[in-house]
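Please find below my notes on the model, set out as numbered points. They concern burial, cysteines, enclosed space and one helix.

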Amino acid sequence: MFDILRARFQQKYQTLSYPDGPSPTLPDRFQGRPVIQPMACVSSCSACVEVCPTGAIDISGQGDHRHVCVDLGRCLFCGACESACPAGIIRFERDHQLAVSDRQSLVVDRTSEACASVHDGLIQRVFGRSLKLRQVSAGGCNACEADANVLGTLAWDMGRFGIEFVASPRHADGLLVTGPVTENMREALIKTYEAVPSPKVVIAVGACAISGGLFVEHPEVYNGVEGWIPVDLYVPGCPPHPLTLLDGLLRLLGRID
């Protein structure tokens, strides 16, 4: 008993100070928000498009006016496009603030802002001090689910912000959805959404929930939650880092700018 108390005392305070303090250290392999360089795309080159496994990259224009855009809702942040581009037009940086409140803001080009706003006055007034979420894995691989669950650990402790996962949709303020929405989970997702009392929020986490991810256009999936239930927050990634998800939740609630 005394050994346990001594070990706990030596551990000291374990919870991250973020957002009042510095952000946690991100791993070296972390791929953040891509930055599109202002120069024109190399004429006739489509190397980035060809290597992208999910069709997240589009090139528009002709000749010296060709420009690249990346759909973060489809992007797996694998970095293959950055390696393939001979002109270095696509560069993944370390910015973890990726969550947005509308689907179009996930499309990044050379004119995109570094961090789109996700503020919603109604959501802030109703849920700003307490947000209970029912997590729904709509056919996910468990990567997004695992990183979402990390936020409930001692180090992250999202409960200190009033954000918690609950067991029943009847006790929830909204849904946190992962996975591409498979045929077997479509009806379950809709019924779970209907069971949440209004007003309610929906958070789509990961490329699969936003667009279908690697499974896009597969006959057994529905390419994400759009078209089945409304979405209030999109958190891209494969999977999103816990810091990206927590940042999106806190900005949605107006807890940080």
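1. A residue is called buried under 20% relative accessible area, exposed over 50%, and partly exposed in between, with a 1.4 Å probe and protein chains only. On this scale cysteine 81 is buried, because its relative accessibility is 8%. Cysteine 69, at 18%, also counts as buried.

2. On provenance, this is a predicted model, in which local features need pLDDT of at least 70 and side-chain atom pairs count only at pLDDT 80 or more, while totals for chains, interfaces and linings use all residues. Residues are numbered from 1 along each chain as its sequence is written, and side-chain values use heavy atoms, with hydrogens and water left out.

3. How many disulfides does the model contain, if one is a pair of cysteine sulfur atoms within 2.5 Å? The count is zero. Cysteine 69 is in no disulfide, and its nearest cysteine sulfur, on cysteine 48, lies 9.7 Å away. For cysteine 81, likewise in no disulfide, the nearest cysteine sulfur is that of cysteine 75, at 6.2 Å.

4. The terms for empty space rest on a 1 Å grid over the protein atoms alone: a cavity is a set of points where a 1.4 Å probe fits but cannot get out, and a pocket is an open set with protein on both sides within 12 Å along at least five of seven lines. Lining residues have an atom within 4 Å of a point. Points are joined across faces, edges and corners, and a volume is the space filled by probe spheres set on them.

5. Two cavities of 30 Å³ or more are found. The largest has a volume of about 70 Å³. Its lining comprises 14 residues, with Cys41, Cys45, Cys48, Cys85 and Pro86 closest to the centre. The second largest cavity holds about 60 Å³; of its 13 lining residues, Cys52, Ile57, Cys75, Cys78 and Cys81 are closest to the centre.

6. The largest pocket has a volume of about 310 Å³. It is lined by 16 residues, and Phe30, Gln31, Cys238, Pro239 and His241 lie nearest its centre.

7. Helices are DSSP runs of H or I with at least four residues, numbered from the N terminus. Helix H8 (residues 242-252) is largely enclosed by the rest of the structure, because 11 of its 11 residues are buried. Among them are Asp247 and Arg251, together with Leu245 and Leu246. Just after H8, glycine 254 adopts a positive phi of about 75°.

Note on methods: Disulfide = S-S within 2.5 Å. Helix = DSSP H or I, 4+ residues; strand = E, 2+ residues; numbered from the N terminus.
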